[in-house]
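Me: Please take a close look at the disulfides in this model. I would like the pairing, the geometry and the surroundings of each bonded cysteine.

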Amino acid sequence: MNLTTSRAALVGLALAVTLSGCAALADRPAGHDANASAPASAASALHALAQLTVKGAAPMTGYDREGKFGPAWSDTTLAPGSGNLCDTRNDVLRRDLQSITFKGTSRCVVATGTLVDPYTGDSIRFVRGPHSAIVQIDHAVALGASWRTGAAKLPQQQREALGNDPLNLIAASGPANAAKSDGDAATWLPPRKEFRCLYVARQIAVKAKYHLWVTPPEKAAMNRVLARCPDQPLPTDTSTGVALPDLK
């Protein structure tokens, strides 16, 4: 299955909601609804959400993390940025951490760094070694959740790309990632409310790119979040997912 041009164009909508907007939510009057009196722009997350298929969750029959999505953090998938001789985990650590150092002479393996966790707002010191799982790489659309909403029907290569696509990956607190598990927007949202706009918009972008559907409770939860988000225009060049902006 090849991605259509119109679907690929929606990939960047994950960036459209909060580059300047979500931080402003804290200053909004209680009960303010940014979209109550104006229709959603065609370039907005709300518009893209409205285009997604809505149906119930499929069973988890046949789900197998490695068997169906390939080895974790593979550098040999069709995902943007693949083939750079660095595994996907290190790619995301380099993108999302600050003040990083590298192991040995390599510019690939991140040895230390600081994560301003988008999910909690905490500053987390990352040190490669026994405690490195304090920082984990989360799939915005969890792989289990993707399986329930259409990934089971994707070709193997697309599933492997989904598991390694920078658009779908966020460096985050290990405990927060564990609390999320394979939940969707109906069952888990980041504790840090200012990040929820971008988080939900990224989920919608991933679902649009990989032709996944949303369940009725998931769509309702996404609409509740986006109702409080500014309606930002879609940025240009959105299809690669490699050079995503600062997530903090």
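Reply: Buried here means under 20% relative accessible area. With that cut-off in hand, take Cys229. This residue has a relative accessible area of 2%, so Cys229 is buried. The model is predicted.

Cys229 is bonded to Cys197 in a disulfide, with the sulfur atoms 2.1 Å apart. The torsion about this S-S bond is about -100°, which means the disulfide is left-handed. The link spans distant parts of the chain: Cys197 sits in helix 8 (residues 196-209), while Cys229 belongs to the segment after helix 9 (216-226). The two are 32 residues apart. Cys197 has a relative accessible area of 1%, so Cys197 is buried.

That is one bridge; the structure holds two disulfides. The other joins Cys86 to Cys108, with an S to S distance of 2.4 Å. The disulfide cut-off is within 2.5 Å, so a pair of cysteine sulfur atoms at 2.4 Å counts. Here both ends lie in loops. Cys86 is in the loop between helix 3 (65-69) and helix 4 (88-96). Cys108 is in the loop between strand 1 (98-102) and strand 2 (110-116). The pair therefore ties together parts that are 22 residues apart in sequence.

Now the accessibility of this second pair. Cys86 has 8% relative accessibility, so Cys86 counts as buried. Cys108 is at 11% and also counts as buried.

Last, the pairing pattern. With the bonded cysteines of the chain numbered in sequence order, the pairing reads 1-2, 3-4.

Conventions: Residues are numbered from 1 along each chain as its sequence is written. This is a predicted model: local features need pLDDT of at least 70, side-chain atom pairs count only at pLDDT 80 or more; totals for chains, interfaces and linings use all residues. Side-chain values use heavy atoms; hydrogens and water are left out. Helices (H or I, at least four residues) and strands (E, at least two) are DSSP runs, numbered from the N terminus. Buried means under 20% relative accessible area, exposed over 50%, partly exposed in between (1.4 Å probe, protein chains only).
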